[in-house]
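Trainee: Got a minute to go through this one with me? I'd like to talk packing, charges and surface.

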Amino acid sequence: MRSMTGFGSASKTRGGVSATVEARSVNNRFLKVSIRCPQFLSAREHEIEGMVRERAERGTVALAVRVVRDSHPIRVRLNESAVADYRKLLKKLAKSAGTETTLELGTLAKLPGIFDTEEVDSGLDDEAFAIVAETVGTALDRMTRMRAREGANLKRDFTKRAGDIRRIVKALAKRAPQVPVEFGRRLQERVNRFAAGEGVSFEETDLIREVAVFAERCDVTEEVTRLDSHLQQFDAAIKGDGSLGRRLDFLIQEMMREANTISAKASDVAMSRLCVDLKVELDRLKEQVQNVE
């Protein structure tokens with residue numbers, strides 16, 4: 001089991017290339033990859049994203065990739081606009097001074113703005129990209145290990161909460177058969193008081209029929225059985241590997257459905273209180289499951 005939250009970073013330097021990578025992941029129902037990197041790496045982004053998808057199935061994973069090269073191609077261009085401006089100004093100066101324009105090529109080349117320089121966006125060759133890929137892999141592996149540690153903590157929490165829920169379910173199963181019995185006793189007492197006060201009699205079969213109808217209406221045997229089955233599946237799931245979040249979320253939804261049905265059938269205070277406790281624990285478990293990959 002792995003959490004969807006994690007962080008990992010790494011730095012590597014080799015052959016005049018330095019790479020630094022930070023990988024962060026947070027919750028998401030699906031897998032979303034966000035990569036921030038230099039423009040010259042844009043053509044290789046799909047390879048970096050593939051490395052993320054090999055390690056994660058759910059969550060938002062954000063990568064910040066920084067690359068510094070000791071040397072890179074430079075392009076020098078002649079600024080023809082600046083040359084033309086200089087010529088116009090020199091002609092104007094010569095006219096004002098009443099002399100001829102004389103300017104050597106070497107002097108012109110030294111004037112500011114005559115040449116422009118820019119980096120050539122040539123991308124990274126395979127050898128340089130290999131350094132970046134190694135750094136990305138290391139950062140992602142560290143992030144994944146952190147997700148696994150968080151997942152182990154969640155597993156312990158799930159085991160405890162599932163045990164609490166199981167105890168509540170057992171209490172409900174124990175209490176449920178007593179409810180119609182107590183209802184029958186109270187009904188018998190009320191009937192006897194009424195009959196004594198009014199001087200009338202009741203058939204015992206009528207009383208039995210009323211109790212039977214009540215018992216059928218508040219019977220939660222099927223719901224308790226399904227809850228126990230879902231808990232067994234939940235216990236088995238958290239012992240497995242891979243992406244478990246969707247399965248665990250589904251099981252909790254099913255348990256909540258059974259809890260709501262039992263709550264609707266609850267016909268005494270004790271059952272109602274147990275149902276409230278059950279739904280509270282299921283809500284807490286559901287919140288934690290949102291963190292599972």
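Mentor: Sure. One definition before we start: strands here are DSSP runs of E, at least two residues, numbered from the N terminus. Also keep in mind that this is a predicted model.

Trainee: OK, so which strand does F115 lie in?

Mentor: F115 is in strand β6, which covers residues 115–119.

Trainee: And is F115 buried or exposed, or something in between?

Mentor: In between: its relative accessible area is 45%, so F115 counts as partly exposed.

Trainee: Which residues make the nonpolar surface patch?

Mentor: V76, L78 and F115 make that patch, and the area comes to about 300 Å².

Trainee: Switching to helices. At what angle do α7 and α8 pack?

Mentor: About 160°, with the axes 10 Å apart; α7 is residues 221–238 and α8 is residues 245–265. Since the cut-off is over 145 degrees, that makes α7 roughly antiparallel to α8.

Trainee: What's the handedness of the crossing?

Mentor: α7 and α8 cross in a left-handed way.

Trainee: Now charges. How many salt bridges are there in the whole structure?

Mentor: A search turns up 20. One of them pairs the side chains of R147 and E293, at 3.0 Å from N to O. That pair links distant parts of the chain, 146 residues apart: R147 sits in helix α4 (residues 126–175), and E293 is in the segment after α9 (269–289).

Trainee: Are R147 and E293 buried or exposed?

Mentor: Buried, both R147 and E293.

Trainee: What about R167 and D164, how far apart are they in helix α4?

Mentor: They're 3 residues apart, about one turn of the helix. Their side chains meet in a salt bridge with an N to O distance of 2.2 Å.

Trainee: Which side of the buried/exposed cut-offs does each one fall on?

Mentor: R167 has 54% relative accessibility, so it counts as exposed. D164 is at 17%, and therefore counts as buried.

Trainee: Which residue does E281 form a salt bridge with?

Mentor: With R284, and the closest N and O atoms are 3.0 Å apart. E281 and R284 are 3 residues apart in helix α9, so about one helical turn separates them.

Trainee: What other residues share a network with E281 and R284?

Mentor: D157 and R161: salt bridges with shared partners join D157, R161, E281 and R284 into one network.

Trainee: And how accessible are E281 and R284?

Mentor: E281 is at 13% relative accessibility, so it counts as buried. R284 is at 42%, which means it counts as partly exposed.

Terms used. Residues numbered from 1 in each chain as written. Predicted model: local features only at pLDDT ≥ 70, side-chain atom pairs only at ≥ 80, totals over all residues. Heavy atoms only, no water. Patch = residues over 30% accessible without salt bridge, like charges linked within 9 Å, V, L, I, M, F, W, Y side chains within 5 Å. Areas by Shrake-Rupley, 256 points an atom, 1.4 Å probe, with all protein chains shown as cover. Salt bridge = Lys/Arg side-chain N within 4 Å of Asp/Glu carboxyl O. Helix = DSSP H or I, 4+ residues; strand = E, 2+ residues; numbered from the N terminus. Buried < 20%, exposed > 50% of the residue type's maximum accessible area, 1.4 Å probe, protein only. Axes fitted to C-alpha atoms, helices over the stretch in contact; angles between N-to-C directions. Parallel < 35°, antiparallel > 145°, perpendicular 65-115°, else oblique. Left-handed = near helix turned anticlockwise from the far one by under 90°.
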